[in-house]
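The following account leads the reader through two parts of a structure, a helix pair and a sheet with its covering helices.

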Amino acid sequence: MHEAYAEREVGPKAREMRQGPTEPLPPAERSRAIRTLRDAARAAAQDPIHRAGFAAQVQQALMGGDQAVFTEAQLSLLGEPVARALLVNSARDAIAFPEVVRADGSVMSFELWALPFAFSRAQGGVWWHFPLLERLETPLADALDVPEKAILWISPTLFTVDMLNERACQNLMHLAGVMDAGCDFAPLDPESSRATYEAARKTQDPQLVISWLPFLVERGALPVEQARQLSRKALDAVMPLVQQAIGAEMEYGEAELFAPLPWWESLQAGVRAWNRKRLGLTVALIATRVGGLQDLEAVAEYQPEMQGYEVGLKLRGSEELLARSPWLVVPDVAPDKDATWQDLCDCLREADIPLSETIVKLH
């Protein structure tokens with residue numbers, strides 16, 4: 001009994017951490033790879049026969065170490081929406097429904113899900129590896145009624161918006177293979193990342209963070225409707241364990257865990273809720289100061305470095321901004337800036353706050 005308690009206090013054994021390849025291709029080879037992928041998308045859009053091998057080509061491009069190959073290929077197809085949509089959707093499916101070929105030749109098919117996790121911090125920096133998250137697997141699977149022999153593995157690596165945007169979600173292609181091998185995925189170099197975090201955490205830099213805790217489920221073992229019905233039960237079961245796991249590695253203030261959803265739905269729902277919550281709080285504070293919403297108007301400016309819009313609030317007819325709030329683009333293999341702008345317009349229209357956009361002119 002004493003040994004069992006001691007093992008529980010120590011936590012899970014450290015596992016090997018693996019990174020995906022991040023080596024950019026030489027310029028000529030990169031151009032050739034971009035052209036090949038673009039032409040394959042065009043051929044697949046024109047002739048269904050070419051679609052059979054197209055998914056494998058997209059997967060190979062995402063598995064490579066040069067993220068520019070896929071990004072440049074899909075950007076080069078902006079004038080060909082059918083081919084571009086086929087390319088982008090194939091990439092999303094490759095990430096959301098990964099297949100792992102094991103050493104014995106067998107193939108395992110998974111679905112990628114996630115729990116959106118929001119928290120506040122008084123210090124700078126955010127850490128991302130939490131070994132104690134492994135303890136969520138059994139209670140999460142039980143709460144979601146996953147069949148007893150079906151696989152549910154949670155990743156102890158937390159992904160923030162910045163981490164996802166850094167490689168346009170493409171490095172998630174390596175997550176299933178690494179987890180299936182019994183290792184932990186490292187989206188960044190662990191040693192240098194830890195050193196950066198330790199330095200940043202010594203600064204006073206209040207921040208609010210939206211992130212995701214990914215988990216793999218054996219394909220077909222968790223219907224979406226079943227997960228929606230049991231989401232409250234799942235959150236009640238795992239929230240204390242999430243708080244314990246995060247708190248063991250990083251100081252945080254308040255935390256909020258959202259319902260588990262398939263990967264792309266989880267990103268969409270998490271960012272949508274986070275944008276509205278932050279803007280809503282900002283508007284409420286300003287409305288209290290100025291006596292209501294009737295005289296407020298908003299001005300938004302796209303900020304590439306933050307992958308989102310900076311929304312400024314002011315009184316009508318005034319140039320002085322009373323407050324600013326970020327409105328983030330949903331991380332994706334091909335982020336949709338236009339959809340983000342439309343979502344912002346819809347949100348402010350509901351509040352009856354006029355919105356205009358500031359376009360930065362480069363000279």
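The model shown here is predicted. A suitable starting point is the pair formed by helix α4, residues 68-75, and helix α5, residues 81-96. Their axes lie 9 Å apart, and the two helices pack at an angle of about 150 degrees. Angles over 145 degrees count as roughly antiparallel, and α4 and α5 are therefore roughly antiparallel to each other. The crossing of these two helices, α4 and α5, is left-handed. On the α4 side, the contact is made by Phe70, Ala73 and Gln74, which meet Arg84, Leu87, Val88 and Ala91 of α5. Sorted by class, the residues in this contact of α4 with α5 comprise five nonpolar, one polar and one charged.

The second part is the sheet. Four strands, in the order β12-β11-β10-β13, make up an open sheet with mixed pairing. Its edges are formed by β12 (321-328) and β13 (355-357), each of which pairs on one side only. From one strand to the next, the twist averages 25 degrees. Within the sheet, strand β10 (residues 296-303) pairs with strand β11 (residues 308-315) in the antiparallel sense, over eight bridges. Tyr302 has Tyr309 in β11 as its bridge partner.

Helix α12, residues 263-290, packs on this sheet and touches β10, β11 and β12. The direction of α12 makes about 170 degrees with that of β12. Helix α13, residues 337-350, lies across β10, β11, β12 and β13. Relative to β13, helix α13 runs at about 155 degrees.

Key:
Residues are numbered from 1 along each chain as its sequence is written. This is a predicted model: local features need pLDDT of at least 70, side-chain atom pairs count only at pLDDT 80 or more; totals for chains, interfaces and linings use all residues. Side-chain values use heavy atoms; hydrogens and water are left out. Axes are lines fitted to C-alpha atoms, for helices over the stretch in contact, and angles run from 0 to 180 degrees between N-to-C directions. Angles under 35 degrees count as roughly parallel, over 145 as roughly antiparallel, 65 to 115 as roughly perpendicular and the rest as oblique. A crossing is left-handed if the near helix is turned anticlockwise from the far one by less than a right angle, and right-handed if clockwise. Contact means heavy atoms within 4.5 Å. Ala, Val, Leu, Ile, Met, Phe, Trp, Tyr, Cys and Pro count as nonpolar, Asp, Glu, Lys and Arg as charged, and the others, Gly among them, as polar. Two strands pair if DSSP finds at least two bridges between them.
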